[in-house]
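Work through the exercises below with the sequence and the model open side by side. Try each task before reading its solution.

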Amino acid sequence: MLQKLTTEYFNQVHDLIKHYSDKQLMLPISLDELYHRAQAYRLVVQDEQVLACAHLDIFTPELAEIKSLAVSELEQGSGYGRQLVEDCERQARELGIKKLFVLTFQQGFFEKLGYQVVDRDTLPEKVYKECVKCSFYEDCQEIAMVKNIA
Ligand SMILES: CC(C)(COP(=O)(O)OP(=O)(O)OC[C@H]1O[C@@H](n2cnc3c(N)ncnc32)[C@H](O)[C@@H]1OP(=O)(O)O)[C@@H](O)C(=O)NCCC(=O)NCCS
């Protein structure tokens, strides 16, 4: 079952994301940014261990991004990634958002969940707000994918 991010799990979530950002599979997040976005996170927790996390970041009334999706190495293939993506989709629908996007190296996973590859430049809301400030901007290898959820 999914749960909200409560303070006792800040460090574990930070470590989980750092594990993959060190491997350049996702962008890092500072603890300050994690505190700031805490209310948007959903976790899979078992025996007080964080197994997986994700959060929804709203860009406009129409558009949101799934961010920080990470499943611990030992738990991959257990359905937690799908569960978290579907929960982000449910939250987005409840808010009236019509389109979700991700920037990812996990094209096959997101294709399975109904996301389609697009040109990153079709997401100017993301590019001009965040990508331009990113150190990887000029040579970004992440794949932009979208899903219409209306
Ligand atoms: C990508 C990731 C989130 C997937 O989570 P997961 O819990 O292992 O995936 P699930 O078990 O929910 O898989 C759902 C389906 O996608 C498939 N799948 C999982 N990873 C896949 C991949 N890399 N390529 C193709 N299909 C994949 C599964 O086989 C499963 O298919 P099925 O429903 O037909 O059985 C996880 O591997 C991960 O955390 N990776 C490292 C961090 C990362 O890259 N995060 C993404 C940032 S955008």
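The exercises that follow treat a predicted model, and each task is followed by a stepwise solution.

**Exercise 1. The core**

Task: Find which residues touch the most other members of the largest nonpolar core, and which elements give two or more residues to this core.

Solution. Begin with the membership: the largest nonpolar core holds 35 residues, and those that touch the most other members are V13, L43, A52, C53, I66, A70 and C88. Next, assign the core to elements: α1 (10-22), β2 (41-46), β3 (49-58), β4 (63-71), α3 (80-95), β5 (99-104) and β7 (143-148) each give two or more residues to it. Then take C88 as an example; once its neighbours within four places in sequence are left aside, C88 is in contact with A54, L56, I66 and L100. As background, nonpolar side chains in soluble globular proteins tend to be buried together.

**Exercise 2. The two sides of α1**

Task: Decide whether the buried residues of α1 lie on the same side of the helix, and state which elements they pack against.

Solution. First check the length of the helix: at 1.5 Å a residue, the 13 residues of α1 should span 18 Å, and its end C-alpha atoms are 18 Å apart, so the expectation and the model agree. Now list the buried residues of α1, which include V13, L16 and I17. These residues cover an arc of only 90° around the axis, and therefore they lie on the same side of α1. The reasoning rests on helix geometry, since an α-helix has 3.6 residues a turn, so residues three or four places apart point the same way. On the other side of α1, N11, D15 and D22 are exposed. Finally, the buried residues of α1 pack against α2 (31-37), β2, β3 and β4.

A further step concerns H14, which also lies in helix α1. H14 counts as partly exposed because it has 19 C-beta neighbours inside 10 Å, where 20 or more would make a residue buried. Apart from neighbours within four places in sequence, H14 is in contact with L31 and L34.

**Exercise 3. The two sides of α3**

Task: Repeat the analysis for α3, asking which of its residues are buried and what covers them.

Solution. The length is again the starting point: 16 residues at 1.5 Å a residue should give α3 a span of 22 Å, and the 23 Å between its end C-alpha atoms agrees with this. The buried residues of α3 are Y80, G81, L84, V85, C88 and A92. Because they cover an arc of only 135° around the axis, they are placed on the same side of α3. R90 and E94 are exposed on the other side of α3. What covers the buried residues of α3 includes β2, β3, β4, β5 and α4.

**Exercise 4. Positive phi values**

Task: Compare the settings of E48 and S68, and state for each whether the residue is buried or exposed.

Solution. The general expectation is that most residues other than glycine have a negative phi. E48 has a positive phi, near 65°, and is found in the loop between β2 and β3. E48 is exposed, because 8 other C-beta atoms lie within 10 Å. S68 likewise has a positive phi, near 55°, but is found in strand β4. S68 is buried, because 25 other C-beta atoms lie within 10 Å.

Now look at what follows the two helices. α1 is followed by Q24, with a positive phi near 60°, and α3 is followed by G96, with a positive phi near 90°. G96 sits in the loop between α3 and β5 and counts as exposed because it has 9 C-beta neighbours inside 10 Å. Although G96 and A150 are 54 residues apart along the chain, their C-alpha atoms are separated by 7.9 Å.

**Exercise 5. The shell around the ligand**

Task: Describe how many residues surround the ligand, and which elements give two or more residues to the shell.

Solution. The ligand is surrounded by 20 residues, of which the closest are Q76, G81, R82, T104 and G108. The elements that give two or more residues to this shell are β4, α3, β5 and α4 (107-112). By class, the shell has ten nonpolar, eight polar and two charged residues.

Conventions
Residues are numbered from 1 along each chain as its sequence is written. This is a predicted model: local features need pLDDT of at least 70, side-chain atom pairs count only at pLDDT 80 or more; totals for chains, interfaces and linings use all residues. A nonpolar core is a set of buried Ala, Val, Leu, Ile, Met, Phe, Trp, Tyr and Cys residues joined through C-beta atoms within 7 Å. A residue is buried if 20 or more other C-beta atoms lie within 10 Å of its own, exposed if 12 or fewer, and partly exposed in between; C-beta atoms are placed from the backbone. Helices (H or I, at least four residues) and strands (E, at least two) are DSSP runs, numbered from the N terminus. Two residues are in contact if their C-beta atoms, placed from the backbone, lie within 7 Å. A residue is near a molecule or strand if its C-beta atom, placed from the backbone, lies within 6 Å of it. Ala, Val, Leu, Ile, Met, Phe, Trp, Tyr, Cys and Pro count as nonpolar, Asp, Glu, Lys and Arg as charged, and the others, Gly among them, as polar. The expected span of a helix is 1.5 Å times one less than its number of residues. The arc is that of the directions from the helix axis to the C-beta atoms.
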